[in-house]
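Here is a set of exercises to work through with the sequence and the coordinates open side by side. Try each task yourself before reading its solution.

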Amino acid sequence: MYFVANWKMFGDLKGLNSLNDVIKFAMKNKRKNFKVIYCPPSTLIFPLFKKFKNTPIDLGGQNSHESENYGPYTGSINSKMLMDVGAKYLILGHSENRQSGENDRLINLKIKSALKIGLKIIFCIGETLKEKQNNKTNQILSNQIKIGLNGIKNKSKIIIAYEPVWSIGTGLIPKLSDLNSLILFIKKKFKNKSQKILYGGSVNENNINQLKTINSVDGFLVGAASQDAKKFIDIIKKTYN
Ligand code: PEP
């Protein structure tokens, strides 16, 4: 199982000490079959890279520019730069970035560029509330996958994160039966039957007991609750209890 912490635009150097407990927990449970990946703001990747050295915890970025070369793109960071400071993974297609203008074609370019550099991708897909109410969920997910992964033959370095937009940051989670069917619907789109699919959207230490009953899910992408080390550890612990 994957447990991915998406810190979004939160976090500073002095707050990193709170991760000592996560390190202890991950070291103690090294043999268990789970992978913890922290995706902090880019400013914290290198400090965390040093902190997580010799631990099983990996790091990821939250977005990147589509060019794998340096260039005159003020304010941007590319995959090569993220990898240089210690990232192994990269979240792409997050709905917060889609809402500020990223479309499937641009996400496709970003995925290709990051794969070329050698990052593993956490590719976010999900429908808005309006799309759900109009029964468009399957169509939206299909399109996001089709365009986002267009031209990418080898999908072994891609993890899908199904994140309904209406669930992110709202405290709402899908009905478990809907979630199970959607994860299976997404899995069917891939030739490789072991394609990893995560769920993200308001996962917390209270609802994890329900969410973990979804057999088809390969892990969780956690936003707000991942900023609190204790809550994040609780989510992992409860998944296995
Ligand atoms: C996210 O933004 O990826 C996310 C899952 O957020 P939250 O857990 O806060 O809903």
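The exercises below concern a predicted model, and each one is followed by a worked solution.

**Exercise 1. The ligand shell**

Task: Find which residues surround the ligand, and sort them into nonpolar, polar and charged.

Solution.
- Step 1: Start from the ligand and collect its neighbours. Those from the first part of the chain listing are Asn 6, Lys 8 and His 94, and the list continues with Glu 163, Ile 168, Gly 169, Gly 201 and Ser 202, then Leu 221, Val 222, Gly 223 and Ala 224.
- Step 2: Sort them. The shell divides into 4 nonpolar, 6 polar and 2 charged residues. Keep in mind that Gly is counted as polar in this scheme.

**Exercise 2. Polar atoms at the ligand**

Task: For His 94, decide whether a side-chain or a backbone atom lies 2.7 Å from a ligand oxygen, then do likewise for Ser 202 at 2.8 Å and Gly 223 at 2.9 Å. Finish with how much of the ligand the protein buries.

Solution.
- Step 1: His 94 uses its side chain: a polar atom there is 2.7 Å from an oxygen atom of the ligand.
- Step 2: Ser 202 uses its backbone, with an N or O atom 2.8 Å from a ligand oxygen.
- Step 3: Gly 223 also has a polar backbone atom facing a ligand oxygen, at 2.9 Å.
- Step 4: On its own the ligand would expose 290 Å², and the protein buries 97% of that.

**Exercise 3. A lysine in the shell**

Task: Locate Lys 8, explain why it is classed as buried or exposed, and name the side chain with which its own side chain makes a polar contact.

Solution.
- Step 1: Lys 8 sits in the loop that runs between strand E1 (2-6) and helix H1 (20-28).
- Step 2: Its relative accessibility is 16%, so Lys 8 counts as buried, the cut-off being under 20%.
- Step 3: The polar partner is the side chain of Glu 96, at 2.8 Å.
- Step 4: Beyond its neighbours within four places in sequence, Lys 8 is in contact with Cys 39, Pro 41, Gln 62, His 94, Glu 96, Ile 168 and Gly 223. Of these, His 94, Ile 168 and Gly 223 also belong to the residues around the ligand.

**Exercise 4. Into the nonpolar core**

Task: State how many residues the largest nonpolar core has, and which helix gives the most to it. Then examine Phe 123 and Ile 160.

Solution.
- Step 1: The largest core has 56 residues; Tyr 38, Ile 111, Phe 123, Leu 149, Ile 160, Ile 186 and Phe 220 have the most contacts inside it.
- Step 2: Helix H10 (residues 229-240) is the greatest contributor to this core, with 5 residues.
- Step 3: A separate core of 12 residues includes Ile 37, Ile 91, Ile 122 and Ala 161.
- Step 4: Phe 123 belongs to strand E5 (residues 120-125), and its relative accessible area of 0% is why it is called buried.
- Step 5: Among the residues touched by Phe 123 are Leu 92, Ile 107, Ile 111, Ile 145, Leu 149 and Ile 160. Ile 160, in turn, touches Phe 123, Leu 149 and Ile 186, including also Phe 190 and Leu 198 among its contacts.

**Exercise 5. Two acids in helices**

Task: Place Asp 104 and Asp 234 in their helices, and say why each is buried or exposed.

Solution.
- Step 1: Asp 104 is in helix H5 (residues 104-117), while Asp 234 is found in helix H10.
- Step 2: Asp 104 has a relative accessible area of 16%, so it is buried. Asp 234, at 19%, counts as buried because the limit is under 20%.
- Step 3: Leaving out residues up to four places away, Asp 104 touches Arg 98, Asn 143, Gln 144, Ile 147 and Gly 148.

**Exercise 6. Positive phi**

Task: What are the phi values of Asn 54 and Asn 135, and where do these residues lie?

Solution.
- Step 1: Recall that most residues other than glycine have a negative phi.
- Step 2: Asn 54 has a positive phi, near 65°, and lies in the loop between helix H2 (45-51) and strand E3 (58-61). With 68% relative accessibility, Asn 54 counts as exposed.
- Step 3: Asn 135 has a positive phi of about 55°; its loop joins helix H6 (129-133) and helix H7 (137-148). Asn 135 is exposed too, at 72%.

Notes:
Residues are numbered from 1 along each chain as its sequence is written. This is a predicted model: local features need pLDDT of at least 70, side-chain atom pairs count only at pLDDT 80 or more; totals for chains, interfaces and linings use all residues. Side-chain values use heavy atoms; hydrogens and water are left out. A residue is near a molecule or strand if one of its heavy atoms lies within 4 Å of it. A polar contact is a pair of N or O atoms within 3.5 Å; within protein, one must be able to donate a hydrogen and the other to accept it, and residues adjacent in sequence count only if both atoms are side-chain atoms. Accessible areas come from the Shrake-Rupley method with a 1.4 Å probe; for residues, only the protein chains shown count as cover. A nonpolar core is a set of buried Ala, Val, Leu, Ile, Met, Phe, Trp, Tyr and Cys residues joined through side-chain atoms within 4.5 Å. Buried means under 20% relative accessible area, exposed over 50%, partly exposed in between (1.4 Å probe, protein chains only). Helices (H or I, at least four residues) and strands (E, at least two) are DSSP runs, numbered from the N terminus. Contact means heavy atoms within 4.5 Å.
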